[in-house]
Amino acid sequence: MASSLIRHFARPVLITGKGLFSAATQRSIPASSILFHRTQATATPPASTTTTNAPAPNLIRVNVEQRKALVDFGQYVAECLPRFVQHVQMSSTNELEILIHPDGLFSVIAFLKDHTNAQFSSLADITAIDVPTRTYRFELVYNLLSLRFNSRVRVKTYTDEMTPVASICDLYDAANWMEREVWDMYGVYFTNHPDLRRILTDYGFEGHPMRKDFPLPGYTEVRYDEEQRRVVIEPIELTQDYRKFDLSTPWETFPKFRNAVHDDAKQRQESKTPELSKPSTGSNTENKK
Amino acid sequence: MASKILKATTNLTGMAVSKDPHYALKLLYGKILRDLKKIPATATYRKYTEDIINTRLGHVESEANIARLERKINCGQIEEVIVQAENELMCVRRMAMNNVWEPLASQAPPNQWKWPIA
């Protein structure tokens with residue numbers, strides 16, 4: 001009786017050449033949003049030049065529709081959040097990257113999670129990259145996944161050792177341990193984190209191991225001491241001399257990278273040192289008198 | 001006889017079948033549109049969100065049958081559409097609070113995004 005009246009959930013079915021698939025939901029990005037005027041966030045053109053899916057020898061097949069959908073979505077995000085989005089780029093493997101100002105981290109990720117056209121409800125990963133030559137040496141990377149639209153996006157910001165960054169634990173529970181790992185490995189502080197403490201290193205470990213200036217074997221080693229009958233931590237003692245290998249070839253391998261690496265951190269230090277030397281010369285003249 | 005024909009389950013853990021989805025959606029969409037007015041009309045976020053919400057509101061008001069409404073909106077079950085509307089409401093309030101439509105706050109330092117670094 002009543003059971004016959006219960007309607008069953010209807011799943012729309014689309015029959016394609018490959019087989020039966022349910023009609024995939026697509027983002028409703030309005031066509032008028034594909035504006036070709038320059039926004040302040042510049043969009044770099046896609047790296048691949050193949051426009052057809054015909055197989056060619058030695059060339060990777062590019063999924064043109066997926067790439068186009070991501071490019072459109074990247075432009076959409078740049079238009080909706082102009083205050084924080086600095087740059088939008090596509091990798092050669094059809095991965096969308098949104099580069100933002102660190103002040104806008106919580107807003108941008110909240111937009112990507114909550115907005116109807118985005119719905120990135122799953123946080124896949126939070127990591128960091130250490131590039132010591134930059135002014136803001138750490139580059140934070142957030143990988144998000146949308147189950148509704150089957151797409152991924154990467155959000156990148158920057159910070160240095162002393163500047164804290166907003167925590168996104170209020171949006172994603174997974175961010176809790178991921179941010180703890182970034183804190184432990186790199187030393188990036190997250191404000192409003194409920195429980196920011198070490199997660200992978202030993203208790204009482206000093207230093208942030210994934211930084212580029214942290215040496216590969218570290219600074220301390222542990223061993224069991226018979227007299228004290230416990231594990232002791234001692235400074236590291238290399239049993240063989242430190243070996244330095246000169247692996248450079250006499251032939252030039254990368255002609256595009258002949259120039260020296262841009263070191264913004266060093267340039268800042270050099271600009272500071274002449275200012276420091278001035279007061280010291282003043283005190284010398286006083287002593288002579 | 002039931003005055004309303006409800007589906008048995010959403011097949012999603014923790015998501016109960018909504019008893020009056022039309023009422024819930026109209027309420028939420030009304031709130032979203034009202035809160036969107038706090039954002040300046042020139043903001044692209046406001047334009048696109050109003051388009052989306054007005055389209056969906058049109059579907060909700062024209063279609064009384066829930067299954068056909070789900071297919072028209074084409075974004076999952078009606079209970080999921082209600083969750084999306086709740087999220088959009090939170091999003092609108094947060095965007096309005098943070099003034100996201102303003103021009104770029106500040107550019108990154110030079111070479112910040114340069115890769116490879118050499």
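**Salt bridges in chain A**

Reader: Is Arg137(A) buried or exposed?
Author: Arg137(A) has a relative accessibility of 7%. Buried means under 20% relative accessible area, exposed over 50%, and partly exposed in between, with a 1.4 Å probe and protein chains only. By that cut-off, Arg137(A) counts as buried.

Reader: Thanks! What kind of model is this?
Author: Residues are numbered from 1 along each chain as its sequence is written, chains are lettered from A and ligands numbered from 1 in the order in which they are written, and side-chain values use heavy atoms, leaving out hydrogens and water. Local features need pLDDT of at least 70 and side-chain atom pairs count only at pLDDT 80 or more, while totals for chains, interfaces and linings use all residues, since the model is predicted.

Reader: How many strands does chain A have?
Author: Helices (H or I, at least four residues) and strands (E, at least two) are DSSP runs, numbered from the N terminus. Alongside 5 helices, chain A has strands numbering 12.

Reader: What share of the residues in chain A is buried?
Author: Chain A holds 289 residues. The buried share of these is 35%.

Reader: How many salt bridges are there over all chains?
Author: A salt bridge here is a side-chain nitrogen of Lys or Arg within 4 Å of a carboxyl oxygen of Asp or Glu. Counted by this rule over all chains, the salt bridges come to 24.

Reader: How many residues apart in sequence are the parts that Arg154(A) and Glu95(A) tie together?
Author: Their side chains meet in a salt bridge, 2.4 Å from N to O. Arg154(A) lies in strand 8 (residues 151–159) and Glu95(A) in the loop between strand 4 (85–90) and strand 5 (96–100), so the pair ties together parts whose separation in sequence is 59 residues.

Reader: Which residue forms a salt bridge with Lys156(A)?
Author: Lys156(A) is buried, at 12% relative accessible area. Its partner is buried too, at 9%. The closest N and O atoms are 3.7 Å apart in this salt bridge, and the partner is Glu97(A). The pair links distant parts of the chain, from strand 8 at Lys156(A) to strand 5 at Glu97(A).

Reader: How far apart in sequence are Glu161(A) and Arg137(A)?
Author: These two form a salt bridge, with the closest N and O atoms 2.8 Å apart. Glu161(A) sits in the loop between strand 8 and strand 9 (165–166), and Arg137(A) in the loop between strand 6 (122–130) and strand 7 (138–146), a separation of 24 residues.

Reader: Which residues do salt bridges that share partners join into one network?
Author: The network is held together by shared partners. Its members are Glu95(A), Glu97(A), Arg134(A), Glu139(A), Arg154(A) and Lys156(A).
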